[in-house]
Amino acid sequence: MSYYHIKHLEEYFQVYRKSVRDPEIFWEEIAEEHFLWRKRWDKVLEWDFSKPEIKWFQGAKLNITENCIDRHLAAKGDKTAILFEPNDPSEEAQHITYNELHERVNRFANVLKEKGIAKGDRVCIYLPMIPELAISVLACARIGAIHSVVFAGFSSTALATRINDAECKMVITSDGSFRGAKTIDLKGIVDDALESCPSIESVLVAKRIDSDINMKEGRDHWLQPLLDDASGQCEAEIMNAEDPLFILYTSGSTGKPKGMVHTTGGYMVYTAYTFKNVFQYNEGDVYWCTADIGWITGHSYIVYGPLANGATTVMFEGVPTYPDWGRFWQIVEKHKVNQFYTAPTAIRALAKEPLSFVEGYDLSSLKVLGTVGEPINEEAWHWYNENIGKTKSPIVDTWWQTETGGIMISPIPFATPTIPTYATLPMPGIQPCLMDDNSEEIKGNSTEGRLCIKFPWPSMARTIWGNHQRYKETYFSAYENKYFTGDGALRDQTGYYRITGRVDDVIIVSGHNLGTAPIEDAVNEHQAVAESAIVGFPHEVKGNALYGYVILKETGEDRNQDNLRKEINQLITERIGPIAKLDKIQFTSGLPKTRSGKIMRRILRKIASNDTSNLGDTSTLLNPEVVQEIMDNVL
Ligand code: WT7
């Protein structure tokens with residue numbers, strides 16, 4: 001029996017039981033057999049959820065890029081590591097072999113060093129989905145610098161907040177980016193952000209769209225000439241297993257974004273292990289995840305997990321709609337993609353278009369289909385299964401989070417029987433549980449509660465950058481000795497899990513995790529706005545859309561409401577990014593509040609969702625009369 005590659009259901013149960021009975025022996029065997037360590041660990045696991053402190057493979061030394069690149073060179077140096085598919089289908093795809101990746105990462109790493117970046121320094125990466133993005137991530141890891149990738153759809157304000165929080169020394173960006181028929185002025189956004197980022201010493205700029213941009217003397221450098229002059233050899237910095245590998249920001253229900261810190265050894269082991277099993281990757285397969293590397297999905301399942309397995313991983317620069325709605329399937333056919341991993345929101349959008357966009361393409365290479373980011377509804381699941389998988393490719397509905405680093409609950413294709421909308425069973429090593437309203441664990445099946453994890457796993461985030469107290473409060477304080485996910489879930493009669501959605505004020509829009517607080521902050525900055533509350537409501541394609549209730553100041557009351565709406569969304573675009581724009585904005589004279597002054601979002605959510613048959617108890621409200629006013633004016 002192989003722990004590393006599970007092939008049928010009984011094997012899964014055996015492996016799972018082993019992983020719960022002897023977690024340390026289980027992970028030790030996997031770590032030992034499948035990775036390259038410069039020094040062995042002294043201890044597999046040390047943990048205390050009350051502090052919280054979690055350490056995996058303590059004392060071990062390694063470099064993750066030796067595992068993702070160097071060790072594959074002897075046997076498969078000429079194999080394609082990264083297959084780059086450009087935005088424009090008439091531009092040629094690039095097949096970057098493991099040998100080439102080795103050389104390009106080393107050159108880049110030497111440029112970083114030459115520009116003063118050393119082990120432990122933070123580097124912000126703000127790039128479109130071009131090879132330089134994956135290469136710069138790996139170059140940071142090569143020299144032990146901590147990368148902080150910021151999704152290149154975020155605004156200059158959002159970028160500045162993240163740069164300042166981590167006190168990054170450098171930004172890596174490009175002149176601009178292609179997005180379907182549009183181009184975006186990335187360097188201009190960076191320039192705006194850097195007006196308020198004192199820690200930045202230098203900016204490296206990749207040329208992608210050949211636009212005319214400003215280069216600030218002494219600070220900004222074109223990347224290519226530096227790479228041309230750099231050596232293709234760079235010794236890997238030997239890291240401790242628990243040294244930070246990267247920071248990645250995610251929204252919380254309150255406050256500024258949280259810089260989740262992931263460390264090296266455990267993250268590598270877990271992402272590689274789950275990649276192998278969840279996608280059943282076999283040598284020679286071509287794997288494609290459509291996410292952006294700016295999100296955790298891209299970190300773990302475009303870059304680190306696949307490369308640690310010596311896989312071929314596709315990187316797609318463009319969008320599903322350009323030049324038309326057939327683009328995904330054209331790429332599947334062109335590169336004979338075997339595993340395809342995308343988000344439910346993309347499936348729903350594609351399913352609304354005529355089937356003729358699918359039918360012309362040969363999709364027979366597909367073996368495994370995946371989804372991630374939000375619950376997949378039954379209709380979308382069936383469309384995916386019938387039209388893309390032709391009912392032959394199992395669909396893995398993978399539940400996980402930025403904080404978990406890797407996939408936590410998911411079917412193993414060809415082993416776990418799938419049911420639409422169910423993420424099914426925990427991965428080996430993952431011990432989920434459901435908690436009731438009295439903070440007791442609910443035993444048995446056919447039940448529903450709040451989803452927690454009661455034992456550490458190797459890729460869990462270790463802290464929030466600069467704020468360990470917040471890490472403790474957010475994840476380890478709701479329930480004693482358990483990691484709280486923020487999600488609700490049900491467990492059916494066979495023990496399968498179905499994720500029912502967030503139980504806090506985080507809203508998942510098109511698979512993007514948006515906290516209400518930062519959006520409300522942006523809205524409240526408008527000079528005519530006194531107060532606001534944002535809630536989610538169901539949306540056909542996006543899963544959830546955003547509904548804003550806004551109280552105007554007296555001075556704003558006679559302004560044109562449509563103009564105000566435009567200005568508010570413009571502010572949100574500037575402060576956060578277009579993904580956080582409000583779909584509906586209702587102006588109101590008040591918001592329902594409890595006596596302690598807390599907004600009753602439950603009521604606002606129901607009204608926005610057109611579900612007012614049972615608003616629950618409103619008697620504890622300070623201002624119950626406002627509920628009727630809001631209902632009368634709902635959009
Ligand atoms: C939240 C985490 C993990 C990468 C993408 C999102 C929701 C994620 C599923 C799924 C139902 C899901 C949860 C989770 N979510 N996958 N398969 N079924 N919900 O990462 O931005 O950190 O968001 O996404 O609500 O808590 P993220």
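1. A polar contact is a pair of N or O atoms within 3.5 Å. The side chain of N513 meets this distance with the ligand, as one of its polar atoms lies 3.1 Å from a ligand oxygen. The model under review is a predicted one, and every distance below should be read in that light.

2. The ligand site. The ligand is surrounded by 18 residues, and the closest of them are D397, T398, T402, D487 and R502. T398 approaches through its backbone: a polar backbone atom of this residue is 2.7 Å from a nitrogen atom of the ligand. Q401 uses its side chain instead, with a polar atom 2.9 Å from a ligand oxygen. The side chain of N513 likewise faces an oxygen atom of the ligand, at 3.1 Å.

3. Domain layout. The domain assignment divides the protein into domain 1, residues 9-475, and domain 2, residues 506-632. Their contact draws 19 residues from domain 1 and 22 residues from domain 2. Taken over C-alpha atoms, the centres of the two domains are 32 Å apart. About 1,500 Å² is buried between domain 1 and domain 2, and 52% of this area is on carbon and sulfur atoms.

4. Polar links across the domains. How many residue pairs are in polar contact between domain 1 and domain 2? The count is 11, with both residues of each pair at pLDDT 80 or more. On the domain 1 side of the contact, helices α7 (156-166) and α13 (344-351) each supply at least two residues. That side of domain 1 is made up of 12 polar, four nonpolar and three charged residues.

5. Charge pairing between the domains. One salt bridge is counted between domain 1 and domain 2. The side chains of E540 and K352 form a salt bridge, with 3.4 Å from N to O. By the assigned bounds, K352 falls in domain 1 and E540 in domain 2.

6. Salt bridges in the whole model. The count comes to 38 salt bridges. Side chains of opposite charge can pair when their charged atoms come close. One such pair is E28 with R40, at 3.0 Å from N to O. E28 sits in helix α2 (residues 23-34), whereas R40 sits in the loop between α2 and β1 (43-48); the two are 12 residues apart, and the pair links distant parts of the chain.

7. Backbone points to inspect. Most residues other than glycine have a negative phi, and most peptide bonds are trans. Which residues are joined by a cis peptide bond with omega of about -20 degrees? They are K51 and P52, and P52 lies in the loop between β1 and β2 (53-58). A cis peptide bond also joins Y322 and P323, with omega of about -5 degrees. P323 belongs to the loop between β17 (312-316) and α12 (327-335). F57, a residue other than glycine, has a positive phi near 55 degrees; F57 is found in strand β2.

Key
Residues are numbered from 1 along each chain as its sequence is written. This is a predicted model: local features need pLDDT of at least 70, side-chain atom pairs count only at pLDDT 80 or more; totals for chains, interfaces and linings use all residues. Side-chain values use heavy atoms; hydrogens and water are left out. Domain bounds come from an automatic or database domain assignment. Contact means heavy atoms within 4.5 Å. Buried area is the accessible area (1.4 Å probe) that two parts lose on being put together, summed over both. A salt bridge is a side-chain nitrogen of Lys or Arg within 4 Å of a carboxyl oxygen of Asp or Glu. A polar contact is a pair of N or O atoms within 3.5 Å; within protein, one must be able to donate a hydrogen and the other to accept it, and residues adjacent in sequence count only if both atoms are side-chain atoms. Helices (H or I, at least four residues) and strands (E, at least two) are DSSP runs, numbered from the N terminus. Ala, Val, Leu, Ile, Met, Phe, Trp, Tyr, Cys and Pro count as nonpolar, Asp, Glu, Lys and Arg as charged, and the others, Gly among them, as polar. A residue is near a molecule or strand if one of its heavy atoms lies within 4 Å of it.
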